[in-house]
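Reader: I would like a careful, close look at a single part of the following structure, with the cut-offs behind each term stated as you go.

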Amino acid sequence: MSEGQQKAGKVIIIDIVRENQNGDEGSIEMQLLFDLAMMVAFGSMERNEKEWAKLFFDSGFLNYKIHPVPGTRAVIELYP
């Protein structure tokens with residue numbers, strides 16, 4: 001990329017952000033069930049915001065926004 005050009009665009013991810021309290025008791029229980037399923041199936045777990053941020057910055061993204069939506073998921077925007 002030549003001098004003066006800026007990176008444009010963004011990446012959008014729709015996924016669970018663990019510890020997202022934007023929901024009712026049923027939504028929180030569903031988050032816990034997804035986390036348990038990840039541990040059993042893949043030996044891993046869902047990420048919280050701090051873990052997502054580390055992944056984004058380690059991957060070279062400069063900024064992100066997490067928009068909680070009703071239910072178990074969130075919309076995550078990544079900016080170069």
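Reader: Which pattern does the protein follow when read along the sequence? Please then look closely at strand E3: to which strand is E3 joined, and by how many bridges?

Author: This is a predicted model, in which local features need pLDDT of at least 70 and side-chain atom pairs count only at pLDDT 80 or more, while totals for chains, interfaces and linings use all residues. Residues are numbered from 1 along each chain as its sequence is written, and side-chain values use heavy atoms, with hydrogens and water left out.

Read along the sequence, the protein follows the pattern β-α-α-β-β, with two helices and three strands in total; helices (H or I, at least four residues) and strands (E, at least two) are DSSP runs, numbered from the N terminus. Strand E3 covers residues 74-79 and is joined by six bridges to strand E2, residues 63-68, the two running antiparallel; for strands to count as paired, DSSP must find at least two bridges between them. At one place in this pairing, proline 68 stands opposite alanine 74 of E3. The two strands form a hairpin with five residues between them, and in the turn glycine 71 has a positive phi of about 105°.

Alanine 74 also belongs to the largest nonpolar core, whose eight residues are Val17, Trp52, Ala53, Phe56, Tyr64, Ala74, Ile76 and Leu78. Such a core is a set of buried Ala, Val, Leu, Ile, Met, Phe, Trp, Tyr and Cys residues joined through side-chain atoms within 4.5 Å, where buried means under 20% relative accessible area, exposed over 50%, and partly exposed in between (1.4 Å probe, protein chains only). Helix H2, residues 49-58, and E3 each supply at least two residues of this core. In soluble globular proteins, nonpolar side chains tend to be buried together.

Isoleucine 76 shows which parts of the chain meet at this strand: leaving aside residues up to four places away in sequence, it touches Val11, Ile12, Ile13, Val17, Trp52, Phe56, Lys65 and Ile66, a contact being heavy atoms within 4.5 Å. For the protein as a whole, residues 24 or more positions apart account for 54% of the contacts with a separation of 6 or more.

Glutamate 77 adds a charged partner to the picture, since it forms a salt bridge with lysine 10, the closest N and O atoms being 2.5 Å apart; the term requires a side-chain nitrogen of Lys or Arg within 4 Å of a carboxyl oxygen of Asp or Glu. Because glutamate 77 lies in strand E3 and lysine 10 in the segment before strand E1 (11-15), the pair ties together parts that are 67 residues apart in sequence. Glutamate 77 is buried, at a relative accessible area of 11%, whereas lysine 10 counts as partly exposed at 45%.

A search of the whole structure finds two salt bridges, and the pair formed by lysine 54 and aspartate 58, with closest N and O atoms 2.6 Å apart, is one of them. These two residues are four apart in helix H2 and so are separated by about one helical turn, and both lysine 54 and aspartate 58 are exposed.

As for the setting of the strand, 22% of the 80 residues of the protein count as buried.
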